[in-house]
Each structure stands twice: as structure tokens, then as C-alpha cells.
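Welcome! Have a look at the sequence and the fold below, and then we will walk through a few places worth finding for yourself.

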Amino acid sequence: MTMLQQNYQSVLAQIATAEKDAKRHDKSVRLIAVSKTFPASDIREVYAAGQRDFGENYIQEWYAKTEELADLPDLVWHIIGQVQSNKTRFVAERAHWVHTIDKLKTAERLSAQRPQHMPPLQVCIEVNVSGEASKHGVPPQEAVALAAAVSKLANLKVRGLMCVAEAAAGEDELKRQFLLMRDLLGRLHAAGVGADVLSMGMSADMPLAVACGATHVRIGSAIFGKRNYA
């Protein structure tokens, strides 16, 4: 077993512990291995250990990886970075999930450009749950309306909500942000949007996110190591 594969198994064990501590069912939380900035060869290693869901932020970098890894047909790509308008066609044609919908216009472009032979693109509404000016996402009070509008698009399926919690926040504030996301998911149901996904929790705050209802956690550095953005 390689070092990356050992890291991957360790993360799976941590998720299992978090599920148990939160009195949740085993495997109720889906791991998205965040592979941004790491080469396709690293993805291939972790794939060989059993991982299928991978998250990417940078569309051009990700597109190149789809070419290199085209021989892995059951690999599931999650876009967890912003989708610029000139990149929507790449995403519509090759991604399985987009977690960062915060504009109806972006959703409309993705729906229009999704090939008809492909299943609907799974999407989450990104919520700026911390209110930080540097963060993307809609304010919490606008999330339900946007989700309802996006749910009417033919080639997208609204699956739920996504957030990036405040990195410097203490445990009480993180819990408040995660519980607000859980409350918003309930409001989606009340509005008739059949969503079931809370994409929240990363390497540092994953156990608390799981305790607050996360269904998908996005873990990168704990698997792949420290990133070099140079």
C-alpha cells in the first residue's frame, strides 16, 4: 500500500469514527477526495484503493485530468470551484456534480449545454454561510429561492446545499454555521425541492460537520498532502 493509499484509509477510518460518534449509520457520509493541484497519477493511486469521487476547483486543470484519466469510466467528478461563464461547456459535458451554483445564469448555461444523452447534472447551491466578503455563495436568505429556480431547469437536478465554513471560527460558531445549513435543507424540502445533500466539512472540521448532518465531506490535504500552489 502506498503512502497516499494509507492516508486514504486513515481518512475513511476518521469518517467512520465521526459517524459512530454522531450515532449515524455506517457509510452515511460520502467522501469527496479533493485532488486540485495534484497530478492525475495521484488520483489514479487513490482510485486503485477504492475511491471514486474526486473534487476539482480549477476547470482548465481538471479538464486536462479528464483526458489523462479517460480510461477510468466510473470515476465521478465533482466541481467544487467557481465555474466561469466561458468554462460552462467543459463542465456541462464532462462533470457529474457542481457544488458551487450561486447564480441562476450559470445554472441556465449548464442546463442548456448539458448533452441530451447524459443524465441531469447534479448540483448544489453554494451558501455563504459565514458572511465573509471573500467567500462565494448566496446569502442564506436567498438560498431557497435560487434552489427553487434552478430546480425548474430541464438538465440539472438540485441535490442540496454546499458551504465552506469560516476557517478561523471556533467550535461554537462552526456549529452554528453547519446547523444553519441543516435548517436551510429543511426549508428546501418545505419549498418542494427534493434535496438530500449537505456538502460541508473539510479536513479540519469534518467531525463537527458530520455531527451536524453533512452527507458529503471534501477532504484534500489529509489524503494528498500539502499543496504547492506555485
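K36 counts as buried because its relative accessibility is 14%, and buried means under 20%. Keep in mind that this is a predicted model. K36 sits in the loop that links β1 (30-34) to α2 (40-48). An unreviewed UniProt entry places the feature "modified residue: N6-(pyridoxal phosphate)lysine" at K36.

**The annotated domain**
- UniProt, again in an unreviewed entry, lists residues 24-226 as "domain: Alanine racemase N-terminal".
- Helix makes up 38% of residues 24-226 and strand 19%, and the C-alpha atoms at the two ends of the span lie 30 Å apart.

**Two residues with a positive phi**
- Most residues other than glycine have a negative phi.
- T37 goes the other way, with a phi near 75°.
- You will find T37 in the loop between β1 and α2, and it counts as partly exposed because its relative accessibility is 27%.
- K27 also has a positive phi, of about 65°, without being a glycine.
- K27 belongs to the loop between α1 (3-21) and β1, and at 71% relative accessibility it counts as exposed.

**The nonpolar cores**
- Which residues have the most contacts inside the largest nonpolar core? They are V150 and L161, in a core of 68 residues.
- Looking past its neighbours within four places in sequence, L161 is in contact with C124, I125, V127, A143, M181, L184, L185, L188, V197, L198 and S199.
- There is also a second, separate core of five residues, and W97, C124, M162 and V197 are among them.

**Helix α6 against helix α7**
- Two packed helices are described by the angle between their axes and the distance between the axes.
- For α6 (residues 140-150) and α7 (residues 171-190), the axes come within 10 Å and cross at roughly 30°.
- The crossing of α6 with α7 is right-handed.
- On the α6 side, the contact is made by P140, A143, V144 and A147, while α7 brings L180, L184, R187 and L188.
- How many of these contact residues are nonpolar, polar or charged? Seven are nonpolar, none is polar and one is charged.
- An α-helix has 3.6 residues a turn, so residues three or four places apart point the same way. Try looking for that pattern in the contact residues.

**Helix α4 and two of its residues**
- T88 and F90 make a good pair to look up: T88 is in helix α4, and F90 is found there too, within residues 88-94.
- Is T88 buried or exposed? T88 counts as buried, because its relative accessibility is 1%.
- Apart from neighbours within four places in sequence, T88 is in contact with V83, T106, R109, L110 and Q113.
- F90, at 32% relative accessibility, counts as partly exposed.
- Not counting residues up to four places away in sequence, F90 touches I59, W62, Y63 and A95.
- F90 and G131 are 41 residues apart along the chain, and their C-alpha atoms are separated by 30 Å.

**Helix α5 and its cover**
- In α5 (residues 104-113), the buried residues are T106, A107, L110, S111 and Q113.
- What covers the buried residues of α5? The cover includes the helices α4 and α6, along with the strands β4 (97-101), β5 (121-126) and β6 (156-162).

Note on methods. Residues numbered from 1 in each chain as written. Predicted model: local features only at pLDDT ≥ 70, side-chain atom pairs only at ≥ 80, totals over all residues. Heavy atoms only, no water. Core = buried A, V, L, I, M, F, W, Y, C linked by side-chain atoms within 4.5 Å. Buried < 20%, exposed > 50% of the residue type's maximum accessible area, 1.4 Å probe, protein only. Contact = heavy atoms within 4.5 Å. UniProt positions renumbered as here; feature names shortened; annotations may be inferred. Helix = DSSP H or I, 4+ residues; strand = E, 2+ residues; numbered from the N terminus. Axes fitted to C-alpha atoms, helices over the stretch in contact; angles between N-to-C directions. Left-handed = near helix turned anticlockwise from the far one by under 90°. Nonpolar A, V, L, I, M, F, W, Y, C, P; charged D, E, K, R; others polar.
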